[in-house]
Amino acid sequence: MQQSTTDLDRALGFAIPSRSARGRVLRLGPALDSVLAAHAYPPAIEALLAEALTLAALIGSTLKDPSGQLTMQTRTENGVVRLLVCDYRGGEVRGYIDYDADKFAEMPEKPTLFALFGQGYLAITFDLATTGERYQGIVPLDGDTLAQAAESYFVQSEQIPSLVSVGIARDGDGHTVAGGLFLQHLPEGEVGRERLHTRLDHPEWEHVEALGRTMGVDELADPALPLETLVWRLFNEEEEVRALASTPLSRGCRCTGDYIASVLAKFTPEERREMADENGLIQVDCAFCATKFPIPADAAAVA
């Protein structure tokens, strides 16, 4: 069967039973470009958001709860980037960055993660809609990339040996393409034993990790390489590699005029009048999709 020559906006899961490992590969194209185009960020900020969106989709697409949501958010103290937020739900990704433009203008062309965040932290939150459970882990932004911070999250907070890799490039038409690889050792979690014992008890994880780190940025972000080909290149010598579910990815923002009006309706008439401009409109901007919603103050009252 002939493969598509452009494999974009899709995530693919796989398992390697003999190595007690599972993984996921993905590639973002138009969905990523659509989010970035809404903001017109400078190149370094745009690259940071592209990496964050790729991570959100890479980790979020592992959720078994189709209504569940993964949210990634950075915290910083006096950093150039004041806030970075991305989330994933049901195959849809969205995100934005709030940064100090004056401080950023003093940065080099390719600032380090520390230069952008200072003493920053990455919080990853899982909201499971079917059970109502919510849990969060926070790790410092100590590495060179957000991917390294996400990898530390799973090792420290989840105690699951993991590999997280992201590659970002531009295609021939100047569009941003991003690819990601996520590998994990399957936790056994026996009573009374920490999950990190897998590093000592199961050396096969070191084999899987070593192979995973050979995957280059050019391969991850090459839309001409089907995701199945990437997995085959890494693990073709294993006795069995099981392909799991494939998830289509898209840009998603849940803001609508009706939703915003319903939120505004919770305010008193006096508060809504104070929010309105001279034309009686409450101007609401969505930070995620950069869409402006002019909501009549009176319409919000009956939403």
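These questions and answers deal with terms used for a predicted model.

Author: In this predicted model, local features need pLDDT of at least 70 and side-chain atom pairs count only at pLDDT 80 or more, while totals for chains, interfaces and linings use all residues. Residues are numbered from 1 along each chain as its sequence is written, and side-chain values use heavy atoms, with hydrogens and water left out.

Reader: Why is Asp 7 called buried?

Author: Buried means under 20% relative accessible area, exposed over 50%, and partly exposed in between, with a 1.4 Å probe and protein chains only. Asp 7 has 8% relative accessibility, so it counts as buried. Asp 7 lies in the segment before strand S1 (10–16). Strands here are DSSP runs of E with at least two residues, helices are runs of H or I with at least four, and both are numbered from the N terminus.

Reader: What makes the link between the side chains of Asp 7 and Arg 10 a polar contact?

Author: The distance is 2.6 Å. A polar contact is a pair of N or O atoms within 3.5 Å; within protein, one must be able to donate a hydrogen and the other to accept it, and residues adjacent in sequence count only if both atoms are side-chain atoms. The pair Asp 7 and Arg 10 therefore qualifies.

Reader: Which residues is Asp 7 in contact with, leaving aside neighbours within four places in sequence?

Author: They are Arg 27, Pro 223, Leu 225, Pro 226, Leu 227 and Glu 228. Contact means heavy atoms within 4.5 Å.

Reader: Why does Tyr 259 count as exposed?

Author: Its relative accessibility is 51%, so Tyr 259 falls in the exposed class. Tyr 259 sits in helix H10 (residues 257–264).

Reader: What makes Ser 20 partly exposed?

Author: Ser 20 has 21% relative accessibility, so it counts as partly exposed. Ser 20 is in the loop between S1 and strand S2 (21–28). Its phi is positive, about 50 degrees, although Ser 20 is not a glycine.

Reader: Why is a positive phi worth a remark?

Author: Because most residues other than glycine have a negative phi. Ala 40 also has a positive phi, about 55 degrees, and is not a glycine. Ala 40 lies in the loop between helix H1 (30–37) and helix H2 (43–60). At 67% relative accessibility, Ala 40 is exposed.

Reader: How do you know that strands S3 and S4 pair?

Author: Two strands pair if DSSP finds at least two bridges between them. Strand S3 (residues 69–75) and strand S4 (residues 81–89) have five bridges, in the antiparallel sense. They therefore count as a pair. In S4, Tyr 88 is the bridge partner of Leu 70.
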